[in-house]
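Reader: I'm new to this and I'd like to learn how to read a protein model. Could you walk me through it, one feature at a time?

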Amino acid sequence: MSFFTAINGFLYDLPVLLSLLLAVAGFVALGFTGVSLLWWTGGTAVLLLGLAAPVWLWTVFAAFAVVFNLKPIRRNLVTKPLMKLMKAMKFLPVISETERTAIEAGTVWVDGDLFSGQPDFQKLLTEAYPDVSEDAQAFLDGPVDEVCRMVDDWDVFQKKDLSPETWKFLKENGFFGLIIPQKYGGHGFNASANSAVLSKLASRSGPLAITVMVPNSLGPAELLHLYGTQKQKDYYLPRLAKGEDIPCFALTEPNAGSDAGAIAASGEVIKGEDGQLYLKLQWEKRYITLAAVATLLGLAFKLRDPNHYLGRGTDLGITCALIPTDTPGVTLGLRHDPLGVPFYNCPTFGKDVVVPLDAIIGGAEGAGRGWQMLMECLAAGRGISLPASSAAAAKMAARISGAYATVRKQFGLSIGKFEGIEEPMARIGGFAYLMEAARRYTNGGLDGGAKPAVVTAMAKYNFTELARKAINDGMDILGGAGISRGPRNVVAHAYMATPVSITVEGANILTRTLMIFGQGAIRCHPFAYQEIKSLSEGDAETFDRAFWGHVGHVVKNGCRALGLTLSRGYLYRSPVSGPAAPYLRKLAWTSASFAFLADLAMGLLGGDLKRKETLTGRFSDIFSWMYLGTAVVRRFEAEGRRKEDEAFFHWSMQYAMARIQEGFDGLYRNLDVRGLGLVFRGPVAWWSRLNSLGGGPSDLLGHKVSRALQTPGEQRDAISYGMYLPEDPEEAMGRMEHAFRLCYEAESVIRKIKAAIRSKQLPREAPLSLVPKALESGIISALEAELVQKAEAARQDAIQVDSFTLEEYMETAVKSDSGSQSRPATGSTPVSTA
């Protein structure tokens, strides 16, 4: 008797339920490990053998096995008819040329791993987590600190500009050339250094940071460095590095905001009387930072060549060019007022502006490449400027709220001892730790050459939203001291400016609902873009490879999601031990569930998914918090699993897991596709709630974070690392810090007095009023009595708010007879025309 004869029908000897469970477990195991189709074929053969399948069933199986395992046969018999059907049904989304350029811009980085359903955390936790170089640190400790000392943020808001001395200092010290290579006179800083500089400047003054931020982000310097001709680089980059030219970049228009591809600005290739080629330009732009003071304007416009001078057709597409602002026809001088935040943000107009053809960035070869240039630059830039200033906002909110909650007393106690204050303060501290982790992790990827458009979109959206929450919480803690503007107020201007960062570089609603998942699902998915592209090009071989790879991918992630949810992630082997291991298991579980649901939604909704923006927004939330959680683990591991960081680490990770759970719950409530809505809203949602990824940080954990922010020392300093923290008690921040330190030191003396009250050595009165009696009774020393008196004097000074005489208050008001009024945003009312 042969071996096969002996084992034929072996499942018949087992109970039916056990046989079924073994079969299911076997197939889940195959799917979980992601084996090839040959293994599945072998597994199916074993099952048929165990069931003693009849010959006809073996014949059917053999036919399927041959068709699907032999690629040429599968491609002709299955894939090509399937391609025709999908084209006829318009199943996959149609991607426009501008969408295609945006998707192909940049690179896929750790986002590809997280989207895959099987992230390699061993690799993700060895990604760079850099600090700045010695040269950059010297710049931070020297010119950056110096300009911060020069700037009084209240004075900037009152005078609505930086002082002439500050402008001069910025130019002379190369602040407008942070990213320009050293050979052109710039600093040649990488993303980490650029971010650190902007973050420190933002901790001092928002308008100061914005003024430096714009020339070092999307604009002439970056575009020239990456795409300019050598002649353009040699001329402009040294001038930009020295501040001889002040740049701006004009993209946004009245009818082209989030849909930047809809710009109406136009240019036409013309031939001059000298026989040379020129551009004739028309534009109406708005919200252009630095435009009113710029000497060099970068312009995005649609280029036409009706006479085919360039030999590349009529409509060449979006193009970028450099326009000296003294060129005839350029209109400057008007200024927007973005919520009273005094940085230059302006409209600009161009009427029949004529410049040489070589004004195009990259010369004639750059014609029509503007959209690609912009998308590639933004793929990196979104991860630097606004995340830097947002992280600074959270860190300063943590520093300020911790000090104020100690200094401010009500009902005889520092308000920071009340749980109602601890809750928002814990959020601020957790966000500050989390955002700094993600800031450095993201910059590490950018320093290494990655241009991850999806990751930087996550950073822009989530950093600005978390900063908004942190600032709001800080305002709640400071109360009246937060809303009373004046030189003593250290939070109001950040609060006023918050909506600006929410709006620029891609409005947050658009970023969340379209860019992170809408484009991320195509960009980061291992097969989706290949399928869409090969289907549109009729490439059967590529489509066959991508489609059937996608099928296997879905099966694998479905099995992984099932196995990890049943085991609560324990089927995943964490590459690290210690406090981070449980969170990595949950992140692996999250990734598998997310990837499977994403494929399910794409498969069932097809091209309609990108219009289901409430769904894509929830997918974006899950995707984002996977990334932020990974960054937090990277920080904790990179910094040596410091015991004093554990409260901040656990708070951040538990908050992240709660946000992920919230995203899944929202999907299950609303993913109503092809009759599966009841399944998702019923058993799937019930199991998800029962088997939750997390419900958020506990009150006890929040208490630990809050106390750390109210305790002087290394941990508190680490949370506000890299910020400009003046020590002068005559300044608002220095005054608060001075009072904070004294009040903290005096607290031990107050505890002695309270103990004496409880032991009836002193009468039951307010402890401060008993200082003389405590000194007289020998309960405290003379030095301790003096410390309490100094602390109380400093405390009283620190909690004061600004007030003004009526004359002082009206000094910056518009005079009623000045004739000042808003001008309509049209080119027909120019202020100054070159």
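Reader: Okay, how many helices and strands are there in the chain?

Author: The chain has 34 helices and 10 strands. Keep in mind that this is a predicted model.

Reader: What radius of gyration would a compact globule with 834 residues have, and what does the chain have?

Author: For 834 residues, a compact globule would come out near 28 Å; the chain has 31 Å, which agrees. For the extent, look at the C-alpha trace: along its principal axes it spans about 105 × 95 × 45 Å.

Reader: Now helices. How do I describe two that pack together?

Author: You give the angle between their axes and the distance between the axes. Try helix α26 (residues 613–638) and helix α27 (residues 646–670): their axes come within 9 Å and cross at roughly 160 degrees.

Reader: So are α26 and α27 roughly parallel or roughly antiparallel to each other?

Author: An angle over 145 degrees counts as roughly antiparallel, and α26 and α27 are therefore roughly antiparallel to each other. Their crossing is left-handed.

Reader: What kinds of residues make the contact of α26 with α27?

Author: By class, that contact has 15 nonpolar residues, five polar ones and three charged ones.

Reader: Cool. And how do I find holes inside a protein?

Author: Roll a probe the size of a water molecule over the atoms, and you see where empty space is left. In this model the count is four cavities of 30 Å³ or more.

Reader: What volume does the largest cavity have, and which residues lie nearest its centre?

Author: Its volume is about 120 Å³. The largest cavity is lined by 13 residues, and Ala-481, Arg-488, Met-736, Ala-798 and Gln-800 are the ones nearest its centre. Helix α31 (residues 732–758) gives the largest share of that lining, three residues. Sorted by class, the lining of the largest cavity has eight nonpolar, two polar and three charged residues.

Reader: And what about the second largest cavity: what is its volume, and which residues line it?

Author: The second largest cavity has a volume of about 80 Å³. Its lining includes Lys-409, Cys-743, Ala-746, Glu-747 and Leu-768, along with Val-788 and Arg-795.

Reader: Which elements give two or more residues to the lining of the second largest cavity?

Author: Those are α31 and α33 (782–798). You've met α31 already, in the lining of the largest cavity.

Reader: How does the lining of the second largest cavity divide by class?

Author: Six residues are nonpolar, four are charged, and there are no polar ones.

Conventions:
Residues numbered from 1 in each chain as written. Predicted model: local features only at pLDDT ≥ 70, side-chain atom pairs only at ≥ 80, totals over all residues. Heavy atoms only, no water. 1 Å grid on protein atoms, 1.4 Å probe; cavity = no way out; pocket = protein on both sides within 12 Å on 5 of 7 lines; lining within 4 Å. Points joined across faces, edges and corners; volume = space filled by probe spheres on them. Helix = DSSP H or I, 4+ residues; strand = E, 2+ residues; numbered from the N terminus. Nonpolar A, V, L, I, M, F, W, Y, C, P; charged D, E, K, R; others polar. Axes fitted to C-alpha atoms, helices over the stretch in contact; angles between N-to-C directions. Parallel < 35°, antiparallel > 145°, perpendicular 65-115°, else oblique. Left-handed = near helix turned anticlockwise from the far one by under 90°. Rg over C-alpha atoms; globule rule 2.2 N^0.38 Å.
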